[in-house]
Amino acid sequence: NGHISINPNDNLTLQELSEALKKTVKNGLQLAIFNSCDGLGLAYQLERLQIPQIVVMAEPVPDLVAQEFLKYFLNGFASGKSLYQAIKEARKRLQGIEDRFPCASWLPVSCQNPAVDSFTYPLKKEKYSIQLPIIASAIATTLVIGMRSLGFLQISELQTFDQLMRLRPDKGIDSRLLVVEATEEDINRYGFPLPDGILARAIAKLESKQPRVIGLDIFRDRAIGSGNRELLQQIASDNFVAICSSQETNNPNKSGIAPPPNTPESRLGFSDVVVDPDGIVRRHLMFMQPSHNDLCATNHAFSVRIALQYLAAQGIEPQIAGRHQIKIGEAIFEELSANSGAYQGLDDRGFQILLNYRSSKNVARQVRLSEVLSDRVNPDWIEDKIVLIGVSAPISSDNFFTPYSAGYFPYQKMPGITIQAQTTSQILSAVLDGEALLSVWNEWGESAWILVWSIAGGIIAWRSRRIWVWTLLAGASILVLSVVCLGLLIVGIWVPLVPCAIASVFAGGIVIVYKSKLDNKAINND
């Protein structure tokens, strides 16, 4: 007959406690721990009260042993371990005091009512308010937008843009264009720079096939070799567009290159392209105002002049649609501002738009100069088409990195004549085919977009019960974000990806850290 010792003189029997214990069991008692002198006797009597779980001591124990066991047991049980695992670990911990209290680790004994399932400690979980992810998202969004406005994310955003560009489906060649390239084999045969006579012969053969426009992407401000008179006669044709290069103030290496003599401004375009700080061409400079003493006295880019001359045959002329917009046909070309998209503090002089590359390499049919001179080109590729003539041989310095360069190892540059074909095709495709031009949202729209994904990241963390679950869901959300951004880019809209991913993870991290602190506090309080 077990009893509970109150002091050396007073005891309580279970008969005296039975009614109170029965009522307590009905009210939800799950576990009773008795550090008593006759624990096994108590267990025998308590069995009739049907207490779900009982822990007793097999023999009388000193107070320190009982206190240490209770401390170790409750720490393990309250952290989420099962009842038996917590008892097992507490008994192991008691081995550390067996030098003073021999056999202390085998004294605790657990008894379970077989009609009742085992249970775990009912932690008081904090009920996290929906305000938590909202506040975390606001903090994350503000910090990310601040970093973005200072230009800290520009390089990573541009590199991500390049990656998305490479993932887009290839649109194939533009059959309205033919590129005549002087390859290294042609240069070895005809010399460099190409003589005027060679160019004159090539243009004459092309003219005989009746192209709509011929553009010469080769500087010819002075005579090269023999045949200059014949070349000037070809250049004087109404369907011919020549090229020049504008000067750059305070740059002795960019003093400008004049056009061929007597070329009217209406058939003249500048060759200049704009290059981002990382050396990649992502923008198309369509118009710019030349200085009063510029050798290249035209405000039209070479590609724009060619495209407009091609479209003029169909009665399509450009017109001003707004302060920063130009309308050609039904297509609206909108000028980039200094802080467009990922760009921060962009040099936005002139009228610039994003360059929507048609393909990674062959934007149009390409033939060698030698094939033109030997009449080995299909006449259907020339008749009523745009023909661009340029040098693609490595000896030319007219080569540029593009978003597609990183897709090759080593990085490959795109010849200037191919970039001119890309920009020309972009204009024609927008005007005649209705293809979307690349555009960006205004700053408010992009900020709202970042906030949406930041809130999504915060809510994912708010609803996740484990860190590894949050990690998987956060990774999945960033994958979804990437797919959405790629889909929007395919239809012509460039939206932030890197800032959204950072804001999403940052907001989720804030929520996870805060939840962890609240959980630890709840455990300690319990």
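These exercises work through helix packing, cysteines and burial in a predicted model.

**Exercise 1. Describe how α5 and α13 pack: at what angle, and with what hand?**

Step 1. Locate the helices. Helix α5 covers residues 131-149, and helix α13 covers residues 443-463.

Step 2. Take the geometry. The packing angle is about 140°, and the axes lie 8 Å apart.

Step 3. Classify the angle. Over 145 degrees would count as roughly antiparallel, and 65 to 115 as roughly perpendicular. The angle of about 140° therefore makes α5 oblique to α13.

Step 4. Assign the hand. α5 and α13 cross in a right-handed sense.

**Exercise 2. Which residues of α5 and α13 meet, and how do they divide by class?**

Step 1. List the α5 side. It consists of P133, I134, S137, A140, T141, V144, I145 and R148.

Step 2. List the α13 side. Here the partners are E446, S447, I450, L451, S454, I455, G458, I459 and W462.

Step 3. Sort by class. The contact of α5 with α13 holds ten nonpolar, five polar and two charged residues.

Step 4. Consider the spacing. An α-helix has 3.6 residues a turn, so residues three or four places apart point the same way.

**Exercise 3. Analyse the packing of α8 and α9: what are the angle, the hand and the contact residues?**

Step 1. Set the geometry. Helix α8 (residues 196-207) packs on helix α9 (residues 228-235) at about 35°, with 8 Å between the axes.

Step 2. Assign the hand. This crossing of α8 and α9 is left-handed.

Step 3. Name the contacts. From α8 come D196, L199, A200, I203, A204 and E207. From α9 come N228, E230, L231 and Q234.

Step 4. Sort by class. The contact of α8 with α9 has five nonpolar, two polar and three charged residues.

**Exercise 4. How many disulfides are there, and which cysteines form a disulfide?**

Step 1. Apply the cut-off. The sulfur atoms must lie within 2.5 Å. The count is one disulfide.

Step 2. Identify the pair. C244 and C296 are bonded, with their sulfur atoms 1.9 Å apart.

Step 3. Read the torsion. About the S-S bond of C244 and C296 it is about 55°, so the disulfide is right-handed.

Step 4. Place both ends. C244 sits in strand β8 (residues 240-244), and C296 in the loop between β10 (283-287) and α10 (302-312). The pair therefore ties together parts 52 residues apart in sequence.

Step 5. Check burial. C244 is buried at 0% relative accessible area, and C296 is buried at 1%.

**Exercise 5. Why does C485 form no bond with C500?**

Step 1. Find the closest cysteine sulfur. For C485 this is in C500, at 6.2 Å.

Step 2. Compare with the cut-off. A disulfide needs sulfur atoms within 2.5 Å, so the C485 sulfur is too far from that of C500 for a bond.

Step 3. Check accessibility. C485 is buried at 2% relative accessible area. C500 is also buried, at 0%.

**Exercise 6. Is α2 largely enclosed or open, and is E330 buried or exposed?**

Step 1. Count in α2 (residues 39-46). Six of its eight residues are buried, so the helix is largely enclosed by the rest of the structure.

Step 2. Name them. The buried residues are G39, G41, L42, A43, Q45 and L46.

Step 3. Turn to E330. It lies in the loop between β12 (325-328) and β13 (331-334). With 69% relative accessible area, E330 is exposed.

Step 4. Add a distance. E330 and N11 are 99 Å apart, C-alpha to C-alpha, and 319 residues apart in sequence.

Definitions and conventions. Residues are numbered from 1 along each chain as its sequence is written. This is a predicted model: local features need pLDDT of at least 70, side-chain atom pairs count only at pLDDT 80 or more; totals for chains, interfaces and linings use all residues. Side-chain values use heavy atoms; hydrogens and water are left out. Axes are lines fitted to C-alpha atoms, for helices over the stretch in contact, and angles run from 0 to 180 degrees between N-to-C directions. Helices (H or I, at least four residues) and strands (E, at least two) are DSSP runs, numbered from the N terminus. Angles under 35 degrees count as roughly parallel, over 145 as roughly antiparallel, 65 to 115 as roughly perpendicular and the rest as oblique. A crossing is left-handed if the near helix is turned anticlockwise from the far one by less than a right angle, and right-handed if clockwise. Contact means heavy atoms within 4.5 Å. Ala, Val, Leu, Ile, Met, Phe, Trp, Tyr, Cys and Pro count as nonpolar, Asp, Glu, Lys and Arg as charged, and the others, Gly among them, as polar. Buried means under 20% relative accessible area, exposed over 50%, partly exposed in between (1.4 Å probe, protein chains only).
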